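Student: I am new to this structure and would like to go through it with you. Could we take it one question at a time?

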Amino acid sequence: MRSRLPLLLAASLSAMLAALPVLAQTAPAVAAIAVVETPATRLRALFNASDEASLNRNPIGRLFRGDLSHAGEFGDGLSDAYLAGEKKAAADDLAALAAIDRGALDANDKVSYDVFKWQRSTDLKGFDPAIIAATIVRPIDHFYGFHTFFPELSSGEGAAPYKTVKDYDDGLSRIDGFTTAIDMAIVRFRQGMASGVVQPKLVVQNVIDQLDGLLAPGVDGAVMMKPLSKFPDSIPATEQARLKTAYPAAIAGKVNPAFTRLRDFLKNDYLPVARPSVGLSEMPGGANLYKYLIAATTTTDMTPDEIHNIGLSEVARITKGMETVKDQVGFKGDLKAFFDFIRSDDQFKPKSKQDLTDRYYAVGKRVDAAVPALFGTLPKSALEIRPVPAFKEKTDAGGSYQGGTPDGSRPGVFYFNTYDLPSRTTPGIETLYLHEGVPGHHFQISLAQENTALPPFQRFGGNTAFVEGWALYAESLGPELGMFKDPYQLQGRYDDEMLRAMRLVVDTGLHSKGWTRDQSIQYMLDHSAMGKTDATAEVERYIAIPSQALAYKVGQLTISRLRAKAEKALGAKFDIKGFHAQVLMTGALPMAVLEKKVDDWVAAQRRAA
């Protein structure tokens, strides 16, 4: 948690840092500050102040950390004032960082310095007027829209707790901020209509469908009513009665009318002018935005063409592995027929949601027994396994992870999608668990936020290339964890790795080469055993959130290359637990920072040997 000296709460970050020695000279009670001030302490002061200021501007961030002090606030992420404040904060942070002597820091602080510099520099670039013009006027999509985030947050099964009267009142208080955000989103959409920067029709229609789904149950069946069905015993009956009146009134009078305003605007005003194309390159400012997004998500300076070609190469490599599995199980026919067999044969169909849940828990028990051989530090936070909530399952990914709290009071959750269950297949369950659960996202996110020695931005921040690259690398640990002994589960591993390789091809195809939605779906069906439902959801995800899907393979290839490099350099002295500690125990690092850190560790190991 970021902290700041009380009398300097209103001052800029650079002013605070400059004031520290002055305070020491004029106020004897704080003279110790002058004694301990070093480049390292100034660096930590910067990190803490930046974090606290960010949480003040973004109260939902506090809530996700388990800090309920501002839990009744929803926050503002769309106004001009908010954007100006975020831009100024990034510029101030970088100015303060530049005033600190990096050469005087120890190795760990140098890593923190470099990560902070990369993150805040990337943030600042995102506030370039051309980038803002291409993004802020498209405030909602069907993948990351706050119109679905808020109901999940308020469901009693999300990050917001419903244990005390205050928790329930905070839930009511957040509604005003949420409805204000909905109306501000409509304003931003109208600005995009005027500038010609609009969402694809496909994305808009998906959002309209989501809003219809949220409105269909009415007030009594609304997602936000769920916490009223299971009041804790500690809440008095009089308070329960009050809340049972207040919540339906707020949903009927505020939430559902906001959903209706947004739905009707999108359907009647926006959809007719939304663009038929799906790629960013066909939108004003889109090509420049895509380059920025690639740099931000992959933490590299790779071009769309470079990434596309890596994807084609990986697709070819993985195809050979699939051919080997096909021959191993004795399937007669080509790979396309093999894919159709896996998609359609009853032996690969889950019998029910509960059957799929039980299968994932069984995989989890096996992984838990084996994982201590590869990791010296295990998360304290528990992991729960749940189906994706019904109100968002149609457009949600096949699997996802929601982090728990640093103190373990709220567990991490691995969500698996059961929408259109007959289209789902079981060969990928081991791989998906390794990716979303252990030792994938659950390990990486939990170990970072539980490490109180790290500055807050390393505990709670990150970049997609590291976070998703680690999760994909975690899949590759399957054989070392006793997985993939069933050849069909190995095929599932290849199929999931193929998915990430195809993403390099399809995402760049969509956003830099003019590929269509149908062309992209067909490419995925031709090169994998994915069902059409999954392939469609994947492609529509890439359309909604360009470049995010590129980070998986880029990050995984980097981590795998660094491991191979370390194994070659250290030979018998290579320690897998030590390598994993170097990768995981300083939070999510940009690829260049990670490579330097691992190289330094290898050099130190060689000197010690």
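Student: What share of the contacts in the chain with a separation of 6 or more comes from residues 24 or more positions apart?

Tutor: Happy to help! This is a predicted model, where local features need pLDDT of at least 70, side-chain atom pairs count only at pLDDT 80 or more, and totals for chains, interfaces and linings use all residues. Residues are numbered from 1 along each chain as its sequence is written, and side-chain values use heavy atoms, leaving out hydrogens and water. With contact meaning heavy atoms within 4.5 Å, the share is 79%.

Student: How many of the residues of strand S3 are buried?

Tutor: Strands here are DSSP runs of E, at least two residues long, and helices are runs of H or I, at least four long, numbered from the N terminus. Buried means under 20% relative accessible area, exposed over 50% and partly exposed in between, with a 1.4 Å probe and protein chains only. In a regular strand the side chains alternate between the two faces of the sheet. In S3, Gly412, Phe414 and Phe416 are buried on one side and Val413 and Tyr415 on the other, so the count for residues 412-416 is five of five.

Student: Which strand runs antiparallel to S3?

Tutor: Two strands pair if DSSP finds at least two bridges between them. Strand S1 (residues 383-387) pairs with S3 in the parallel sense over five bridges, with Pro387 partnering Phe416. On the other pairing, Ser400 stands opposite Tyr415. Those four antiparallel bridges link S3 to residues 399-402, strand S2.
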